[in-house]
Amino acid sequence: MKVLANDGISQSGINVLQDAGFEVNTTTVAQEQLVNYINENAIDVILVRSATTVRKELIDACPGIKIIGRGGVGMDNIDVDYARKKGINVINTPAASSHSVAELVFAHLFGLARYLHNANRDMPLEGDSRFKDLKKAYAKGTELKGKTIGIFGFGRIGQATAKVAIGAGMNVIAYDPFIEKADLELSFFDGQKLNFNIKTISKEDVLKQSDFITLHVPAQKDYVIGKSEFEMMRDGVILVNAARGGVIDEIALVESISSGKVARAALDVFEKEPQPEIQLLMNPALSLTPHTGAATNEAQDRIGTELASQIIDILK
Ligand SMILES: NC(=O)c1ccc[n+]([C@@H]2O[C@H](COP(=O)([O-])OP(=O)(O)OC[C@H]3O[C@@H](n4cnc5c(N)ncnc54)[C@H](O)[C@@H]3O)[C@@H](O)[C@H]2O)c1
């Protein structure tokens with residue numbers, strides 16, 4: 001059996017597959033050459049992350065494919081229903097990266113609260129000539145402890161983010177039209193466990209009460225945060241989008257930064273990937289990462305080994 005991991009797979013995943021007798025190919029084949037490559041090399045399993053797309057045309061043109069696997073959560077780059085109707089197994093690893101994304105959210109939040117995104121840009125250029133000016137410019141930081149974080153989308157990543165927030169001493173509120181409440185168990189280094197029961201509240205209440213807002217919703221037709229949602233937020237709110245490009249209206253975001261409604265924000269995902277708008281890239285109020293929410297060694301290991309064991313379960 002042959003597996004093509006077109007967007008890569010962790011060594012731990014390769015090891016599990018090879019031990020089970022699979023041949024694993026990690027060549028990155030260009031999208032337009034993928035059909036030929038799959039057919040010529042008799043590939044049984046195609047694994048992708050977010051870069052490679054597996055659309056209807058590819059599915060029709062590659063009848064040998066038995067499994068399509070997505071390392072990670074969203075499967076918007078795969079025609080899932082179509083593939084399943086044709087009897088192909090479509091698998092993913094929905095929980096593997098939740099904690100990594102939650103930690104990236106907090107990397108941005110701690111950074112934004114203390115202007116690290118600006119200081120890291122300015123210090124290499126002016127750290128020796130304008131040290132005192134920079135010290136003054138970044139003197140008005142805030143602590144996260146005791147502040148309210150509003151979580152939009154209280155699924156896997158939203159809940160993982162809530163746990164980190166609780167650990168940081170924050171007050172957690174959440175909005176999710178499909179989840180009424182969640183039981184969160186926090187495990188500590190010494191074996192202690194603490195349980196928190198969080199009931200979701202209305203969208204309006206989350207918008208009005210939050211000092212910090214973070215988005216963990218799936219891609220959808222309309223913006224989840226657009227002009228009217230920005231208007232309801234507290235003045236000086238700090239916002240993070242590590243969900244999907246297109247869940248936040250980027251133009252409304254830039255306008256809300258200009259008006260002072262939004263103090264600062266972080267984006268890990270963009271409406272236009274891989275070429276985000278230059279107005280975002282150059283905006284000093286934004287802390288930016290190139291869609292690296294799930295990009296930790298730990299998450300990639302979990303993704304690789306979870307995909308491998310699902311493939312083995314299906315094909316062996
Ligand atoms: N930045 C990254 O690298 C990265 C990595 C992994 C996942 N993600 C993205 O994170 C998002 C969340 O992933 P997850 O695993 O937590 O998914 P999930 O399905 O577990 O949770 C999403 C939650 O959002 C809720 N929701 C849907 N529409 C909503 C709305 N309009 N308002 C509020 N809540 C709404 C759903 O009810 C669900 O509970 C997805 O968009 C996923 O693609 C990003």
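**Ligand surroundings and the parallel sheet**

In this predicted model, 24 residues surround the ligand, and R156, I157, D176, V217 and D268 come nearest to the ligand among them. The shell around the ligand comprises 13 nonpolar residues, seven polar residues and four charged residues.

Polar backbone atoms of the protein approach the ligand at several positions. R156, already named among the nearest residues, places a polar backbone atom 2.9 Å from an oxygen atom of the ligand. Nitrogen atoms of the ligand are also approached: a backbone N or O atom of A242 lies at 3.0 Å from one, and a polar backbone atom of G153 is found 3.5 Å from a nitrogen atom. The ligand, taken alone, exposes 870 Å², of which the protein buries 87%.

The model further contains an open sheet of five strands with parallel pairing, arranged in the order β2-β1-β3-β4-β5. Strands β2 (23-25) and β5 (89-92) occupy the edges; each has a single partner strand, and therefore one side of each is left without a neighbour in the sheet. From one strand to the next, the twist averages 20°.

In general, the strands of a sheet pair through backbone hydrogen bonds, in either a parallel or an antiparallel manner. Within the present sheet, strand β1 (residues 2-5) and strand β3 (residues 45-48) run parallel and are joined by three bridges. A5 stands opposite L47, a residue of β3.

A helix also lies against part of this sheet. Helix α13, formed by residues 297-315, lies across β3, β4 (67-70) and β5. Relative to β5, helix α13 runs at about 155°.

Definitions and conventions
Residues numbered from 1 in each chain as written. Predicted model: local features only at pLDDT ≥ 70, side-chain atom pairs only at ≥ 80, totals over all residues. Heavy atoms only, no water. Near = heavy atom within 4 Å. Polar contact = N/O pair within 3.5 Å; in protein donor to acceptor, adjacent residues only side chain to side chain. Areas by Shrake-Rupley, 256 points an atom, 1.4 Å probe, with all protein chains shown as cover. Nonpolar A, V, L, I, M, F, W, Y, C, P; charged D, E, K, R; others polar. Pairing = 2+ DSSP bridges. Helix = DSSP H or I, 4+ residues; strand = E, 2+ residues; numbered from the N terminus. Axes fitted to C-alpha atoms, helices over the stretch in contact; angles between N-to-C directions. Contact = heavy atoms within 4.5 Å.
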